[in-house]
Amino acid sequence: MCSPQIIEAVRGEVSRRRALGLAGAAVAAGFASRLPGAAAQTATPVAAGGGGATIALGSYTQVQDLTHTITPETPVFPGYPQPEFETVRNFDEHGFYAQMLSYVEHTGTHMDAPAHFVEGLAFANELPVAQFLAPLAVIDISERAASDPDAQVMPDDVLAWESEHGALPAGVFVAMNSGWAARIDDPEAFINMGDDDALHFPGFHPDATALLVEERDVVGIGVDTLSLDYGAATSFDTHVILLGAGKYGLEGLAALDAVPAAGGLVIVGGPKFQNASGGPSRVMALY
Ligand SMILES: [Zn+2]
C-alpha cells in the first residue's frame, strides 16, 4: 500500500507532467536520449491516444502498438464467455481505483503457448524471454482476404516475401496481415459465422506453417484474426505444427498495416501466470 506522502508526491508529479504537456513518448524520448548513439537523433513526442509514436531508441524511430484494447464486447472464439469487468475499489469509497477481471486466456490480442495444444510442453510463463524480442516479418494477404474470407497464408506467400525482402532472418516472428483488425469493433463481422455454421476468417495454412517451423527459424507466428488456423478449418493443424514445435502464436493482432513488412522488431509482453496456456499480451513493433 502506498503511503499518503507517496500518493501526494505522485499526484504532484502527474499534474506537473500534465501542465507541461508531457506524453509517454516524451518520457521514452528522454530515456532514449541517454542511450549510447542516440544523441544525434531528435524525437518529436506525439499526442497520446494513437497507436503509434515517434521515438529515438537505438536505430528505431517509430513504435506501433499492435494490441487491441480488451472490452466486455471484445469478439471471442465461439463458446468462450465474454470478458467481465468489475470495479472492486473506487475513489468515492476507497480513495483509489481497481478492477477485477474475468476472461478466458485466449481473449483479445493474446498468446498461444505450446502447452495450449500439447500436454507437457511449455506454458506461456515458462517461455524464454529472448523469444519475446524478435525481428518482425509481415506477410500481407489483405487484398486476397478482402474478396475471400477463407484466404490463407500459403507457402508461396512466404517465398514471395523472401524474394522481395531477402531470406527470413533467424529467430523471426512472422505475422499475417489480412485486414481483419479493421473489423474489431464489429464482433459479428470479426467472428464471421457463415450460414453454413462455419467460421470464415483468414489464417496460416498448415503447409506454410510447416515451412516456417521446419525450414526456417521462427520464434512464432501471429494473425490478426481469432485463430492461427483459418476459420473454416475442421482441425487445428497449424496450431499443432507450431505449438508442437515449442513455438508460440499470437492471435488478434492489431495495426499490422501500420508497420513495415520487413526490418521491424516485435516486443511481446507475454503473460506470466502460473500454468498459462496463453493470455492477453501487449505487443509492440519498433521500426
Ligand atoms: Zn489462442
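**Exercise 1. A buried loop residue**

Task: Determine whether Asn192 is buried or exposed in this predicted model.

Solution.
Step 1. Count the neighbours: Asn192 has 22 C-beta neighbours inside 10 Å.
Step 2. Apply the cut-off: a residue is buried if 20 or more other C-beta atoms lie within 10 Å of its own. Asn192 therefore counts as buried.
Step 3. Locate the residue: Asn192 belongs to the loop between helix H6 (187–191) and strand S9 (203–204).
Step 4. Examine the backbone: the phi of Asn192 is positive, near 55°, and the residue is not a glycine.

**Exercise 2. A second loop residue**

Task: Establish where Ala255 lies and whether Ala255 is buried or exposed.

Solution.
Step 1. The loop between strand S11 (248–251) and strand S12 (264–269) contains Ala255.
Step 2. Inside 10 Å, Ala255 has 21 C-beta neighbours, and it therefore counts as buried.
Step 3. Although Ala255 is not a glycine, its phi is positive, at about 60°.

**Exercise 3. The two sides of helix H5**

Task: For helix H5 (residues 155–165), identify which residues are buried and which are exposed on the other side.

Solution.
Step 1. Asp157, Val158 and Trp161 are the buried residues of H5. They lie on the same side of H5, because they cover an arc of only 100° around the axis.
Step 2. Recall the geometry of a helix: an α-helix has 3.6 residues a turn, so residues three or four places apart point the same way.
Step 3. Turn to the other side of H5, where Asp156, Leu159 and Ser163 are exposed.
Step 4. Identify the packing partners: the buried residues of H5 pack against S6, strand S7 (152–153) and H7.
Step 5. Follow the chain onward: just after H5, Gly166 adopts a positive phi of about 95°.

**Exercise 4. Helix H7 and its two helical neighbours**

Task: Describe how helix H7 (residues 206–215) packs with H5 and how H7 is oriented relative to helix H8 (residues 237–244).

Solution.
Step 1. The axes of H5 and H7 are 7 Å apart, and the helices pack at an angle of about 45°. H5 and H7 are therefore oblique to each other.
Step 2. On the H5 side, Pro155, Asp157 and Val158 make the contact, while H7 contributes Asp207, Ala208, Leu211 and Leu212. These residues comprise 5 nonpolar, no polar and 2 charged.
Step 3. The axes of H7 and H8 cross at roughly 10° and come within 8 Å. H7 is therefore roughly parallel to H8.
Step 4. Here Pro206, Thr209, Ala210 and Val213 of H7 meet Asp237, Thr238, Ile241 and Leu242 of H8. The classes in this contact are 5 nonpolar, 2 polar and 1 charged.

**Exercise 5. The sheet and its edges**

Task: State the order of the strands in the open sheet and identify which strands stand at its edges.

Solution.
Step 1. The sheet is formed by 10 strands in the order S1-S2-S14-S12-S6-S8-S10-S11-S5-S13, and its pairing is mixed.
Step 2. The edges are held by strand S1 (52–57) and strand S13 (278–280); each has a single partner strand, so one side of each lacks a neighbour in the sheet.
Step 3. From one strand to the next, the twist averages 30°.

**Exercise 6. Strand S8 within the sheet**

Task: Describe the pairing of strand S8 (residues 172–177) with S10 and with S6, and determine which of its residues are buried.

Solution.
Step 1. Strand S8 runs parallel to strand S10 (residues 218–222), to which 4 bridges join it. Within this pairing, Phe173 has Gly220 as its bridge partner, and Ala175 has Gly222.
Step 2. Strand S6 (residues 133–140) is also parallel to S8, with 5 bridges between the two. Ala137 stands opposite Val174 in S8.
Step 3. Recall the rule for strands: in a regular strand the side chains alternate between the two faces of the sheet.
Step 4. Assign the residues to the faces of S8: Val172, Val174 and Met176 are on one side, and Phe173, Ala175 and Asn177 are on the other. Both faces are covered, with 6 of the 6 residues of S8 buried.

**Exercise 7. The chain as a whole**

Task: State how many helices and strands the chain has and what percentage of its residues is buried.

Solution.
Step 1. The chain has 8 helices and 14 strands.
Step 2. Of its 287 residues, 38% are buried.
Step 3. Among contacts with a separation of 6 or more, 69% are between residues 24 or more positions apart.

Definitions and conventions:
Residues numbered from 1 in each chain as written. Predicted model: local features only at pLDDT ≥ 70, side-chain atom pairs only at ≥ 80, totals over all residues. Axes fitted to C-alpha atoms, helices over the stretch in contact; angles between N-to-C directions. Parallel < 35°, antiparallel > 145°, perpendicular 65-115°, else oblique. Contact = placed C-beta atoms within 7 Å. Nonpolar A, V, L, I, M, F, W, Y, C, P; charged D, E, K, R; others polar. Pairing = 2+ DSSP bridges. Buried ≥ 20, exposed ≤ 12 C-beta atoms within 10 Å, placed from the backbone. Arc of directions from axis to C-beta.
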